[in-house]
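Trainee: I keep tripping over the words people use for protein models. Could you walk me through one and show how each label is earned?

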Amino acid sequence: MAKGKYARHSSGVKLPVILIMVVVAIIAVIFAVTALVRSLHNEEPMPSISDKLPGQSQQQQSSQPSQEPAAPPVDDAATQARRQELLDQAERLMQGYYYDDAIELLQNAGELTDTSTAALLQDVRKAKESLVKYEGGQYYHIFFHSLVADTAKAFDGDREEDGYDDFMTTVSEFKAMLPLLQEAGFILYDITDMMEIVDGKAVMKDIYLPAGKKPLVLSIDDVNYYTYMLDDGFASRLDVDADGNIVTIMGGTIIDHGEGVSTVEGGEPTYDGDVMPILDAYVKEHPEFSWQGAKGIVAITGYAGAFGYRITDLHLFDEQTQQWMLDKTTQVAQALRSNGWQIACHSYTHNQYWNKKTITMKEEEYDIGRWLGEIAPYVGDTNIFISPFGVSFDGDDQRFRYLVDHGFNIYCPVDSYQPCYVRDDYMIQGRINLDGLTMKNYPERVIRHFFDPTPIIDPARPE
Ligand SMILES: [Zn+2]
């Protein structure tokens, strides 16, 4: 029964099934031929199986019309250039430890967002998360005077030669130190970011750096280009170029204005006449040497003006020159600050009464009063005092309290061990001079913290 049923059923549908199979076969042949013809006309070589990774879609290589969404359109050249610019900018920010700025830039990339911006964003976040709190208690502060740019003039056997040999560093020595400091793990750090006043008390702020790195503070004393140094191979003043960079003026003609005051007329702007433009250029090339653009501290006295401009002897100049000097002082100070420099008071007089610690309250009021009244209005307020002759006072000495009470709550004497601590409402940070005296007579002081100075001592120094 069942057999017959099957037999009858099967014989009843035999003809239509064959017809359908024939039609299907014809359609398949047409389809295959069409595909073959298309593939022969296709200009792209047919990918072989071995060209493909397992699981890779063949969608894009297929000549068949597709229901899948098309591949994303390739960006035009202008878009790619804009993206590259954004990536470069974010990379520079990351190198200089401006992590939050880099993250913000990449997060707001908008239409420029792609896998490369996402990858960099991830790198920046990782770098930020990998910072470690600086511990250990040892801080570092090196200092210089204006650099000897022309050794033949500085070391010419005149009466100033010995002083320059002891207390100055040459341009070639300073340039040689920078990569050595970097190799030793130092990163320039802003001294004003090391301390804060909380409820009237000074507290050290946490410092976060990449693992193994150390914060370095740097300062330059007496950035005044005193009259006695004008023909001895130093710059004569600072200026600002059209792009806002600090330049050193070299050469020119010395003009005597009387009362022991000289200036230089003319002269050429250079980028390697003193610490500031040299370090600015170095950090531009090595942003990882500076924490968020920090450079150092420019310490100035007042009795010879500031930065080479004799703004405290205005009566010796005509009205136009007076205004020019005041304007220049302000411009230089602003350019220094916007390039990561701090400005410090180094006393007004630099008088021996500081060195001998015989300074009376009356003398101090005169000295600091003149700096605050005649220099600060042009260079801006500061809370940093770089003591003349590196002198230090006891914390309860009323002459020290006078300074703190007049806003100088960061006090930097000279001490090659560079102690750094807060007490009451101020911070003390000792400094080491990386000059001829230390490098030649006390190299162990440099080796202990930084590098061996002997190989970099300028051969142009006197024997
Ligand atoms: Zn000094």
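Mentor: Sure! One rule to begin with: a helix here is a DSSP run of H or I with at least four residues, and helices are numbered from the N terminus. Keep in mind that this is a predicted model.

Trainee: Which helix holds D166?

Mentor: D166 sits in α6, which covers residues 161–167. D162 belongs to α6 too.

Trainee: What makes D166 buried, partly exposed or exposed?

Mentor: We count other C-beta atoms within 10 Å: 20 or more means buried, 12 or fewer means exposed, and anything between is partly exposed. D166 has 14 of them, so it is partly exposed. D162 has 13 such neighbours, so it also lands in the partly exposed group.

Trainee: What does D166 touch, leaving out residues up to four places away in sequence?

Mentor: D166 touches D435, G436 and L437. Its C-alpha is also 8.7 Å from that of K440, although 274 residues separate the two along the chain. D162 has a similar story with P462: they are 300 residues apart in the chain, with 8.5 Å between their C-alpha atoms.

Trainee: How much of the contact in this chain is between residues far apart in sequence?

Mentor: Take the contacts with a separation of 6 or more: 67% of them join residues 24 or more positions apart. The chain itself has 14 helices and 19 strands. Of its 463 residues, 33% count as buried.

Trainee: Let's do a helix properly. How do you know that α2 spans about what its residue count predicts?

Mentor: α2 has 19 residues and runs 27 Å from its first C-alpha to its last, close to the 27 Å expected at 1.5 Å a residue.

Trainee: What puts the buried residues of α2 on the same side?

Mentor: The buried ones are L86, A90, L93 and M94. They take up an arc of only 100° around the axis, so they share one side of α2. That buried set packs against α3 (99–107) and α4. The face turned away from it carries exposed residues, namely A77, A78, A81, Q84, E85 and D88.

Trainee: Why is A81 called exposed?

Mentor: A81 has 11 C-beta neighbours inside 10 Å, and the cut-off for exposed is 12 or fewer, so the label fits. Its C-alpha is 10.0 Å from that of L112, which is 31 residues away along the chain.

Trainee: You mentioned α4. Why are α2 and α4 called roughly parallel?

Mentor: The axes of α2 (residues 77–95) and α4 (residues 115–129) come within 11 Å and cross at roughly 5°. Angles under 35 degrees count as roughly parallel, and therefore this pair qualifies. On the α2 side the contact is made by R83, L86, L87, A90, E91 and M94, and on the α4 side by S116, T117, L120, V124 and A127. By class, that contact has seven nonpolar, two polar and two charged residues.

Trainee: What happens just after α2?

Mentor: Y97 takes a positive phi of about 70° there.

Trainee: What makes a positive phi worth pointing out?

Mentor: Most residues other than glycine have a negative phi. F307 has a positive phi of about 60° although it is not a glycine. F389 likewise has a positive phi of about 60° without being a glycine.

Trainee: Where are F307 and F389?

Mentor: F307 is in the loop between β13 (297–300) and α9 (319–338). F389 is in the loop between β15 (384–386) and α12 (398–405).

Trainee: How do you know whether F307 is buried or exposed?

Mentor: Back to counting: F307 has 26 other C-beta atoms within 10 Å, and 20 is enough, so F307 is buried. F389 has 16 such neighbours, so F389 counts as partly exposed.

Trainee: Let me try S416! It is in the loop between β16 (410–412) and β17 (420–423). It has 15 C-beta neighbours inside 10 Å, so I'd call S416 partly exposed.

Mentor: Nicely reasoned. Leaving out residues up to four places away in sequence, S416 touches I432 and R445. S416 also lies 9.6 Å from L434, C-alpha to C-alpha, with their positions 18 residues apart in sequence.

Notes. Residues are numbered from 1 along each chain as its sequence is written. This is a predicted model: local features need pLDDT of at least 70, side-chain atom pairs count only at pLDDT 80 or more; totals for chains, interfaces and linings use all residues. Axes are lines fitted to C-alpha atoms, for helices over the stretch in contact, and angles run from 0 to 180 degrees between N-to-C directions. Helices (H or I, at least four residues) and strands (E, at least two) are DSSP runs, numbered from the N terminus. Angles under 35 degrees count as roughly parallel, over 145 as roughly antiparallel, 65 to 115 as roughly perpendicular and the rest as oblique. Two residues are in contact if their C-beta atoms, placed from the backbone, lie within 7 Å. Ala, Val, Leu, Ile, Met, Phe, Trp, Tyr, Cys and Pro count as nonpolar, Asp, Glu, Lys and Arg as charged, and the others, Gly among them, as polar. The expected span of a helix is 1.5 Å times one less than its number of residues. The arc is that of the directions from the helix axis to the C-beta atoms.
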